[in-house]
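Visitor: Please take one part of this structure and go through it closely. I would like the strands and the turns that link them, then what surrounds them.

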Amino acid sequence: MTDSSTQSIGVSAAPEQVAAVILDFAAYPEWAGSIKSSEVRETDDQDRPALVGFVLDAGVLKDEYALRYTYADDLSRISWTLEGSSAIQKSQQGSYEIADNGDGTSTVTYTLAIDLSMPMLGMFRRKAEKMIMDTALKELKRRVESRG
């Protein structure tokens, strides 16, 4: 597995509001720019999404893949791994950690590690991961705060 990248962002909302947006996979195409479609394929014993399929179109990068999700009991951590492989990914592991700041705000920490099927220099891979994470966190923040 490749090295992981981590970034954090402050969100003006309680942790449960952040988790609700993350778990609403059907709405991802409305706010996650590169996600063209998403479909919950399986749920866990608490009726939370367990396996979610995605269609990604980020310009030159297009992919269809499925992620397997696991959750902390209090939803303070939402983790995923790539189910199988895809056209461009050999593996993917990631997580959102949602920390309660005690004042009605949260800090969301996003960790991501992707192993691509195509060769890519480490410098470019890290730059791509940073761009993916920057975009994902900013779009998540905007979505959560607009629902607030």
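Guide: What follows goes from the chain as a whole to two hairpins, and then to two residues.

The model is predicted, so local features need pLDDT of at least 70 and side-chain atom pairs count only at pLDDT 80 or more, while totals for chains, interfaces and linings use all residues. Residues are numbered from 1 along each chain as its sequence is written, and side-chain values use heavy atoms, with hydrogens and water left out.

The protein chain has 3 helices and 7 strands; these are DSSP runs, numbered from the N terminus, with helices being H or I of at least four residues and strands E of at least two. Read from the N terminus, the order is β-α-α-β-β-β-β-β-β-α. Of its 148 residues, 43% are buried, meaning under 20% relative accessible area with a 1.4 Å probe, protein chains only.

Strand β3 (residues 49-58) runs antiparallel to strand β4 (residues 61-71), and 8 bridges join the two. Strands count as paired if DSSP finds at least two bridges between them. Within this pair, aspartate 57 stands opposite lysine 62 of β4. The hairpin of β3 and β4 has 2 residues between the strands, and glycine 59 in its turn has a positive phi of about 75°.

On to the next pair. β4 also pairs with strand β5 (residues 77-82), again in the antiparallel sense, over 5 bridges. Threonine 70 has serine 79 in β5 as its bridge partner. Here the hairpin has 5 residues between the strands, and leucine 75 takes a positive phi near 60°.

Tyrosine 69 touches Phe25, Pro49, Ala50, Val52, Phe54, Ile78, Ser79 and Trp80, leaving out residues up to four places away in sequence; contact means heavy atoms within 4.5 Å. Tyr69 is also, with Phe54 and Leu140, among the residues with the most contacts inside the largest nonpolar core, which has 36 residues. Such a core is a set of buried Ala, Val, Leu, Ile, Met, Phe, Trp, Tyr and Cys residues joined through side-chain atoms within 4.5 Å.

Glutamine 89 lies in strand β6 (residues 89-100). Glutamine 89 counts as buried because its relative accessibility is 4%. Beyond four places in sequence, glutamine 89 is in contact with Asp63, Tyr65, Leu82, Ile114, Asp115, Leu116 and Ser117. The side chains of glutamine 89 and glutamine 92 are joined by a polar contact of 2.5 Å; the term denotes a pair of N or O atoms within 3.5 Å, where within protein one must be able to donate a hydrogen and the other to accept it, and residues adjacent in sequence count only if both atoms are side-chain atoms.

Notes:
Buried means under 20% relative accessible area, exposed over 50%, partly exposed in between (1.4 Å probe, protein chains only).
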